[in-house]
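Please read the following walk through the fold with the sequence and the coordinates open side by side.

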Amino acid sequence: MQTMKTIAAALGLVVPLALSAQPAAAEDTLKLVIGQINNWENQAPTLGQDAGIFKKHGLILENTGSQGAGETLQAVISGSADLGLGVGAAGAMRAFSKGAPVRILAPMFTGTGDLYWYVKSDSKIKSLKDATPETTIAYSTNGSSSNNIVVAFISELGAKAKPTATGGPPGTLTAVMSGQVDIGWAAPPFGLQEIKEGKIRIVAHGSDVPSLRGQTVRLVVVNANALKAKHDALMRFMDAYREAVDWMYSDPKAVEMYSKKIH
């Protein structure tokens, strides 16, 4: 009996040692391309990773920004990125309908109130009603939310303007201030300083379009091959993503981290 107790005691020591000797599970890496990466609504992967949320789910994210949905979709379609965020719903469905290896993984954003359109402060344009067929109005890339809104400005609100792809907010601001484009687009926090300084004026908001107010306008998309090969990691990504969004809208620390990040 004493021998059995001795063996049991020895095993009791050996088993924990054996367990502690096991190598830690390797973290999975996912490559993300995010349109307008600095916008608040696109911060779940970046802020969530800084806060350790994705690490807790065994993930490391390689986050890269793009000029808009067009660039994001191409990265996902080519397989150079596993996931694309901030992709316009129409652009994603258009790519899928043409046979592209892209799938919708989750909705991201409802409504378009975060986007706005502006002119130089000395412009004669006071609202979209003042636009003419010669007026150029900016959007980021084809298939993006800003693209869909500009199309809706014309088709639903009757704006008479020529849609012009200008990429992201920094390049768009340069185009507006240099006179290459009449009406630019942006999303907070970009442009707020210029508005405060009286350099630009807002003439329209995405929420001006009635049909888009209740629609899911931006998505998380995934490469179809990655969805098969990395299914478990992607499901953990979604768990972490939801947790990160909940944290962003409940913990003031998230806003503090975001403020430091963009200044």
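In this predicted model, helix α7, which spans residues 169-177, lies across β5, β8 and β9 and runs at about 30° to β5. Another helix, α6 (residues 145-155), also lies across β5, β8 and β9, but its direction is at about 75° to β5.

The strands beneath this description form an open sheet of three, in the order β8-β5-β9, with antiparallel pairing. Its edges are β8 (184-186) and β9 (200-205), each of which pairs on one side only. On average, neighbouring strands of the sheet are turned by 40° against each other, direction ignored. Between β5 and β8 the antiparallel pairing extends over three bridges. One position to look at here is Y118, which stands opposite G184 in β8.

Y118 also takes part in an aromatic pair. The structure holds six such pairs. In one of them, Y116 and Y118 are tilted, with 6.0 Å from centre to centre and 50° between the planes. A pair of aromatic rings is described by just these two kinds of value, the distance of the centres and the angle of the planes. The pair counts as tilted because an angle of 50° is neither under 30 degrees nor over 60. How exposed or buried are its two members? Y116 has a relative accessible area of 3% and is therefore buried. Y118 is buried as well, because its relative accessible area is 1%.

After β5 (116-120) comes a loop that leads to β6 (136-139), and D122 is found in this loop. With a relative accessible area of 59%, D122 is exposed. D122 and H263 are 141 residues apart in sequence, and their C-alpha atoms are 28 Å apart in space.

A separate set of pairings involves β1. This strand runs parallel to β2 (residues 59-66), to which eight bridges join it. Within this part of the structure, K31 stands opposite E62 in β2. Strand β3 (residues 83-88) is also parallel to β1, and three bridges join the two. Here L32 has L83 in β3 as its bridge partner. In a regular strand the side chains alternate between the two faces of the sheet.

The loop between β1 (28-35) and α2 (44-50) contains Q43. Is Q43 buried or exposed? Its relative accessibility is 0%, so Q43 counts as buried. The side chain of Q43 reaches the backbone oxygen of N39 at 3.3 Å. Beyond its neighbours within four places in sequence, Q43 is in contact with I37, N38, G48, M248, Y258 and K261.

Two of these contacts of Q43, M248 and Y258, recur in other parts of the description. Y258 belongs to a cluster in which ring pairs link it with W40 and Y249. M248 is among the buried residues of α10. That helix covers residues 231-248, which makes 18 residues, and reaches 25 Å from its first C-alpha to its last. This span is close to the 26 Å expected at 1.5 Å a residue. Along with M248, the buried residues of α10 include A233, L234, R236, F237, M238, A240, Y241, A244 and W247.

Technical notes. Residues are numbered from 1 along each chain as its sequence is written. This is a predicted model: local features need pLDDT of at least 70, side-chain atom pairs count only at pLDDT 80 or more; totals for chains, interfaces and linings use all residues. Side-chain values use heavy atoms; hydrogens and water are left out. Helices (H or I, at least four residues) and strands (E, at least two) are DSSP runs, numbered from the N terminus. Buried means under 20% relative accessible area, exposed over 50%, partly exposed in between (1.4 Å probe, protein chains only). A polar contact is a pair of N or O atoms within 3.5 Å; within protein, one must be able to donate a hydrogen and the other to accept it, and residues adjacent in sequence count only if both atoms are side-chain atoms. Contact means heavy atoms within 4.5 Å. Two strands pair if DSSP finds at least two bridges between them. Rings of Phe, Tyr and Trp (its six-membered ring) pair if their centres lie within 6.5 Å; planes under 30 degrees apart count as stacked, over 60 as edge-to-face and the rest as tilted. Axes are lines fitted to C-alpha atoms, for helices over the stretch in contact, and angles run from 0 to 180 degrees between N-to-C directions. The expected span of a helix is 1.5 Å times one less than its number of residues.
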